[in-house]
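User: Hi! Could you walk me through a few features of this protein?

Analyst: Happy to; here it is, and we can take it question by question.

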Amino acid sequence: MPSTLELCENFYGTKNIYELFAITKNASENDIKKAYYRLSLIVHPDRVKEEDKIEATEKFKVLSKIHSVLSDKDKRALYDEKGIIDEDDEDSLGTNWLAMWQQFFKPITTEDISKFEKEFIGSELERGDIKKAYLNGKGSMDYMHNCVPFMSCEDEPRIISIVKEMIASGEVPEFKTFTEEPEYKKERRRKKEAREARKAESIKKQMEDNNLEQQILQRQAERAQDFDSLIEKLALKYGDDNTDDAFDIDEYTARKKPGAKNSPLKRLSNKRITKRNKPTS
């Protein structure tokens, strides 16, 4: 089984956990917590496509493990001194990695993700992720799409421009995979993205329809309760088996249209008015 550092290099392109968290060796507990939240928000299983959830979960677990190392004085000292991570307590993290994350942070909402996306795009953090993805993928745009958060086909011209500036300045080498990418690969990405967008919209609509159906059923149940309550109140107010104008609940239920000529309520009301206006002998 790969070690935490091997998984770290596989998923994030580095074994240096300080580099991954973008913090210094003397970073405070608060700095570590903020870095952990920022990174875990990017790979959180709730924000990726269904087919990417397994990998996102593994990435998330690696971040949680590294956070536990950086937050523990002894584990951190061992890493600082020997560059290794104690794997003996790996099972102690177990399936509690998500519960541990939830202890620190509130549940992620779509608003949180949208806000982070606005802050991320065009930032130095995004530029660093673009550079790392370009180098690790040897210029593969498909690889960059998988590694740079929020990257879409619409972003390609902007990101290509950023990478070309890096190449021109000598910051990164030139990969022909990037500079001479065939047009069919771009078209394949566009089609794939369109399919995924349609699938996401279908799932969203299905969830909305299910929610609407639940609301309708709930409202119908509430109306049924309101009607039953009305019947009980009418029965208590007008029900009198000893008079010829006793309120018949069954008849009212069967013929309950408010404006009907033969409405039991209207007949009942007319009878009572007649009785009140009848002269006494």
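User: Which residues in α9 are buried?

Analyst: Keep in mind that this is a predicted model. A residue of α9 goes on the list if its relative accessible area is under 20%. Those that are buried in α9 are Glu126, Asp129, Ile130, Ala133 and Tyr134.

User: Why do they sit on the same side of α9?

Analyst: An α-helix has 3.6 residues a turn, so residues three or four places apart point the same way. Here, the buried residues cover an arc around the axis, and that puts them on the same side of α9; the arc is only 130°.

User: What covers the buried residues of α9?

Analyst: Contact here means heavy atoms within 4.5 Å. By that test, the cover includes the helices α8 (110-120), α10 (141-147), α11 (156-169) and α12 (176-179).

User: How far apart are the end C-alpha atoms of helix α9?

Analyst: Helix α9 takes in residues 124-136, which makes 13 residues. At 1.5 Å a residue the expected span is 18 Å, and the model agrees, because the end C-alpha atoms are apart by 18 Å.

User: Now to Arg76: which side chain of opposite charge is nearest?

Analyst: Arg76 lies in helix α5 (residues 73-82) and is buried. A salt bridge would need a distance within 4 Å, but the nearest side chain of opposite charge is 4.5 Å away, so Arg76 has no salt bridge. That neighbour is Asp80.

User: And which residue's backbone oxygen does the side chain of Arg76 reach?

Analyst: Among the residues in contact with Arg76 are Thr24, Lys25 and Asn26. The backbone oxygen that the Arg76 side chain reaches, at 2.8 Å, belongs to Lys25.

Methods: Residues numbered from 1 in each chain as written. Predicted model: local features only at pLDDT ≥ 70, side-chain atom pairs only at ≥ 80, totals over all residues. Heavy atoms only, no water. Helix = DSSP H or I, 4+ residues; strand = E, 2+ residues; numbered from the N terminus. Buried < 20%, exposed > 50% of the residue type's maximum accessible area, 1.4 Å probe, protein only. Lys, Arg positive; Asp, Glu negative; His and termini not counted. Polar contact = N/O pair within 3.5 Å; in protein donor to acceptor, adjacent residues only side chain to side chain. Expected span 1.5 Å × (residues − 1). Arc of directions from axis to C-beta.
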